[in-house]
Amino acid sequence: MGEKQPHLNGSFYGPSVPPPSRSYRSRGDDCCLFDFLFQLIGSVAVVAGLAVLVFWLIFHPSRVKFHVTDASLITQFNFTTTTTNNNMLYYNLYLNVTIRNPNEKIGIYYDRIEANAFYVGQRFSTEALAPFYQGHKNTTVLSPAFKGQQLVLLGSNELSVLDSEKSLGVFDIHVKFYLWIRFRLGNVNTCRIKPNINCDLKVPLTSNGNSTAVFEITKCDIGF
């Protein structure tokens with residue numbers, strides 16, 4: 001007869017199961033990875049810095065300059081609030097704007113030029129100007145004209161400002177130019193960028209060819 005199986009008290013779970021094996025990566029591997037990434041980033045930064053330096057040494061780029069050399073409101077800048085005219089602003093604004101490219105080796109394509117005129121924060125006119133190419137060390141004169149009428153909604157504060165400026169014969173007008181431009185570097189054209197030019201002007205009202213105020217040449221700010 002075979003031997004009797006000994007009596008087992010409690011539950012029997014079978015033989016013990018060894019824990020799963022784990023793979024460990026040494027800290028030396030992490031350090032090598034971080035060193036490689038650090039060296040890669042440093043190399044890219046050095047190459048980019050050298051490229052900028054070489055570009056500057058070759059082309060000596062300088063910022064383009066915008067000035068409004070003359071501005072006048074001819075005959076009218078009036079606001080009517082009658083029911084028939086429906087809060088209309090009548091205007092007749094003329095500007096002369098100089099754009100100076102001081103660079104000897106960089107030309108500029110002005111693919112699109114849009115001039116917008118604002119009064120007390122409200123746009124009252126928009127003019128599209130003809131595109132052009134500006135050569136090296138060149139000054140270009142633009143003469144946008146804003147003529148017509150536009151519905152604007154002026155509150156009591158804005159109307160008070162209008163009355164005050166009308167008595168002085170000088171109006172605070174903001175003109176903003178939206179540009180699409182490309183640079184020409186030798187035989188290479190860059191991709192298009194879209195800066196905007198902001199001009200805060202104090203424009204005299206001229207009546208019958210005469211004005212007691214004189215417009216002062218105003219430098220415009222470049223933004224993106």
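Phe-77, Tyr-91, Tyr-119, Phe-124 and Phe-171 come together as one aromatic cluster, a convenient place to begin. The model is predicted, so local features are reported only where pLDDT is at least 70 and side-chain atom pairs only at pLDDT 80 or more, whereas totals for chains, interfaces and linings use all residues. Residues are numbered from 1 along each chain as its sequence is written, and side-chain values use heavy atoms, with hydrogens and water left out.

A search of the whole structure finds 7 aromatic pairs. Rings of Phe, Tyr and Trp (its six-membered ring) are paired if their centres lie within 6.5 Å, and the planes are called stacked when under 30 degrees apart, edge-to-face when over 60 and tilted for the rest. Tyr-119 and Phe-171 form an edge-to-face pair, because their ring centres are 6.4 Å apart and their planes meet at 65 degrees. Tyr-119 belongs to strand β3 and Phe-171 to strand β8, so this pair ties together parts 52 residues apart in sequence. Both partners are buried, a term that here means under 20% relative accessible area, with exposed meaning over 50% and partly exposed lying in between (1.4 Å probe, protein chains only). The relative accessible area is 3% for Tyr-119 and 0% for Phe-171.

Turning to the overall fold, the chain has 2 helices and 12 strands; these are DSSP runs, with helices (H or I) of at least four residues and strands (E) of at least two, numbered from the N terminus. In sequence order, the elements read α-β-β-β-β-β-β-β-α-β-β-β-β-β. Of the 224 residues in the chain, 29% are buried. Contacts (heavy atoms within 4.5 Å) often span long stretches of sequence: among those between residues at least 6 apart, 72% join residues at least 24 apart.

The surface comes next. About 15200 Å² of the chain is exposed, and carbon and sulfur atoms supply 57% of that area; accessible areas come from the Shrake-Rupley method with a 1.4 Å probe, and for residues only the protein chains shown count as cover. A nonpolar surface patch is formed by Leu-33, Leu-37, Leu-40 and Val-44, which together have about 340 Å² of accessible area. Patches are made of residues with over 30% relative accessible area and no salt bridge, joining like charges within 9 Å and nonpolar side chains (Val, Leu, Ile, Met, Phe, Trp, Tyr) within 5 Å. Within this patch, Leu-40 is located in helix α1 (residues 27-59) and is partly exposed, at 43% relative accessibility.

Charged side chains add further links. The structure holds 4 salt bridges, each defined by a side-chain nitrogen of Lys or Arg within 4 Å of a carboxyl oxygen of Asp or Glu. One of them joins Asp-111 to Arg-192, at 3.4 Å from N to O. Asp-111 is in strand β3 (residues 106-119) and Arg-192 in the loop between β9 (188-189) and β10 (196-206), so the bridge links distant parts of the chain, 81 residues apart. Asp-111 is partly exposed at 25% relative accessible area, and Arg-192 is partly exposed at 43%. Another bridge pairs Asp-172 with Lys-202 at 2.8 Å, N to O. This pair also links distant parts of the chain, with Asp-172 in strand β8 (residues 170-185) and Lys-202 in strand β10, 30 residues apart. Asp-172 is partly exposed, with a relative accessible area of 36%, whereas Lys-202 is exposed at 54%. Through shared partners, salt bridges join Asp-111, Arg-182 and Arg-192 into one network.

Two arginines also meet aromatic rings. A charge is taken to sit over a ring if NZ of Lys or CZ of Arg is within 6 Å of the ring centre and within 35 degrees of the ring normal. Arg-182 lies over the face of Tyr-109, 4.6 Å from the ring centre. The charged end of Arg-112 sits over the ring of Trp-180, 4.9 Å from its centre. Arg-112 also forms a salt bridge with Glu-114, with the closest N and O atoms 3.3 Å apart, and is partly exposed at 39% relative accessibility.

Finally, two backbone details deserve a look. Val-120, in the loop between β3 and β4 (122-129), has a positive phi near 45 degrees although not a glycine, and is partly exposed at 29% relative accessibility. Lys-137, in the loop between β5 (132-134) and β6 (138-142), is likewise not a glycine and has a positive phi of about 45 degrees; Lys-137 is partly exposed at 43%.
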